[in-house]
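Here is a walk through one protein model, with its ligand, for you to follow on screen. Keep the viewer open and click along as each residue comes up.

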Amino acid sequence: MQVLSTVREMRAACRAARQQGSLGLVPTMGALHAGHISLVRAARAQCDGVAASIFVNPTQFGPNEDFARYPRTFEQDCALLDAEGVMLVFAPPPEEMYPPGATTFVEVEGIGDRLDGASRPGHFRGVATIVAKLFHTVAPDKAFFGQKDAAQVAVLRRMVRDFNFDLELIVCPIVREPDGLALSSRNRYLSERERAQALVLSRALNAICATYHAGQKQVAPLLDAGRSIMAIEPEVRIDYLEIVDPGTLLPLTEATPGALVAIAAQVGSTRLIDNAIL
Ligand code: AMP
């Protein structure tokens, strides 16, 4: 496994890899867990070579967010990726991706301002910008993302289409703890008590899915079913709970098969997200 830190070196290594066969890209911010590894395994299964990136992207964090304290476990991450058969790791310093004076950003209008984009202004501008830069550097045949970040998937699908990126975006299912909590690098912020409280997110989603499958198709009562589960943990504050079109992220009034149920909530100082597809 080669670990590269400049765009120039990474581009050359990816070009050489693409001459041997297809190349998959798994973008991450590190602090790797089984969710990330599931993307790497999907990439290994579908591509001849796999490149992963580890970059805590400053432009997708708001001024009062956790950029500085975001977990960084670089050595451990590299050992995991090596064991999974990753060929190339791209781990640039921030100034490599954002040289002084960098003023060009990718803005996915509309979609980029919904769900997390509404709660975290500028977040998806940062995400779209860094992912576009990674796509330009690696030029993968396929890029792998998690359904865990469903709004991110919608933003990136639109960007790939609008900018004619010549790659396939592959979305992998959410990996959960046995009790239902979606894996997240931010779970390590949770105290034992918060970890227990955080279970209400997946439980609220399950309640909405069960109510939907029992025949309720109206969004308002479906959301009520979710909110009544969230109320069991009053210290967990809902940021959003919505049922939306998965492509546009616009709210629905009637739930249809494939609709996205998305939740974000604050558990202590940690913001968690989760979702389900009806
Ligand atoms: P991050 O390092 O948090 O930016 O995540 C990198 C990629 O891993 C993104 O495409 C995420 O959607 C994906 N991911 C994060 N958590 C999970 C999970 N629990 N299950 C599946 N994919 C995940």
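Asp239 has a relative accessible area of 35%, so this residue counts as partly exposed. Bear in mind as you look that the model is predicted. Asp239 forms a salt bridge with Arg271, and the closest N and O atoms of the two are 2.9 Å apart. This pair links distant parts of the chain, with Arg271 in strand β9 and Asp239 in strand β7 (residues 237–244), 32 residues apart.

Which other residue forms a salt bridge with Arg271? Turn to Asp116: here too the closest N and O atoms of the pair are 2.9 Å apart. Arg271 lies in strand β9 and Asp116 in helix α5 (residues 116–119), so this salt bridge ties together parts that are 155 residues apart in sequence. Both Arg271 and Asp116 are buried. Put the pieces together and you have a network of salt bridges that links Asp116, Asp239 and Arg271.

Stay on strand β9 (residues 270–277) for a moment, since Asp274 lies there as well. Asp274 is buried, because its relative accessible area is 4%, under the 20% limit. Its side chain is joined to that of Arg176 by a polar contact of 2.9 Å.

In total, the structure holds 11 salt bridges. For one within a single helix, find Asp224 and Arg227, whose closest N and O atoms are 3.1 Å apart. The two are 3 residues apart in helix α10 (residues 219–230), so about one helical turn separates them. Asp224 is partly exposed, with 44% relative accessibility, and Arg227 is partly exposed too, at 39%.

Now move to the ligand. There are 17 residues around the ligand, and those that come nearest are His36, Gly146, Asp149, Val175 and Leu183. Asp149 has a polar side-chain atom 2.7 Å from an oxygen atom of the ligand. Val175 takes part through its backbone, with an N or O atom 2.8 Å from a nitrogen atom of the ligand. Met29 also has a polar backbone atom 2.9 Å from a ligand oxygen. Taken alone, the ligand exposes 480 Å², and the protein buries 92% of that.

What about the cysteines? How many disulfides does the structure hold? The count is 0. The sulfur of Cys47 has its closest cysteine sulfur in Cys172, 10 Å away, and that is too far for a bond because a disulfide needs the two sulfur atoms within 2.5 Å. Cys172 is likewise in no disulfide, its nearest cysteine sulfur being that of Cys47. Cys47 is buried at 7% relative accessibility, and Cys172 is buried at 7%.

Next come two places where the backbone deserves a look. Most residues other than glycine have a negative phi. Ala139, however, has a positive phi, near 50°. You will find Ala139 in the loop between α6 (123–138) and β5 (142–146), where this residue is partly exposed with a relative accessible area of 33%. Asn164 is not a glycine either, yet its phi is positive at about 55°. Asn164 sits in the loop between α7 and β6. Is Asn164 buried or exposed? At 64% relative accessibility, Asn164 counts as exposed.

Helix α7 (residues 150–162) also holds Val160, which is buried with a relative accessible area of 11%. The C-alpha atoms of Val160 and Ala132 are separated by 8.5 Å, with their positions 28 residues apart along the chain. For another pair, try Ser191 and Arg125, which are 66 residues apart along the chain and have C-alpha atoms separated by 31 Å. Ser191 is in the loop between β6 (168–172) and α8 (192–197), and its 33% relative accessibility makes this serine partly exposed.

Finish at the surface, where Met1, Val3 and Phe74 form a nonpolar patch. Together these residues have about 240 Å² of accessible area. Phe74 belongs to helix α3 (residues 74–83), and at 34% relative accessibility Phe74 counts as partly exposed.

Technical notes: Residues are numbered from 1 along each chain as its sequence is written. This is a predicted model: local features need pLDDT of at least 70, side-chain atom pairs count only at pLDDT 80 or more; totals for chains, interfaces and linings use all residues. Side-chain values use heavy atoms; hydrogens and water are left out. Patches are made of residues with over 30% relative accessible area and no salt bridge: like charges are joined within 9 Å, nonpolar side chains (Val, Leu, Ile, Met, Phe, Trp, Tyr) within 5 Å. Accessible areas come from the Shrake-Rupley method with a 1.4 Å probe; for residues, only the protein chains shown count as cover. A salt bridge is a side-chain nitrogen of Lys or Arg within 4 Å of a carboxyl oxygen of Asp or Glu. Helices (H or I, at least four residues) and strands (E, at least two) are DSSP runs, numbered from the N terminus. Buried means under 20% relative accessible area, exposed over 50%, partly exposed in between (1.4 Å probe, protein chains only). A residue is near a molecule or strand if one of its heavy atoms lies within 4 Å of it. A polar contact is a pair of N or O atoms within 3.5 Å; within protein, one must be able to donate a hydrogen and the other to accept it, and residues adjacent in sequence count only if both atoms are side-chain atoms.
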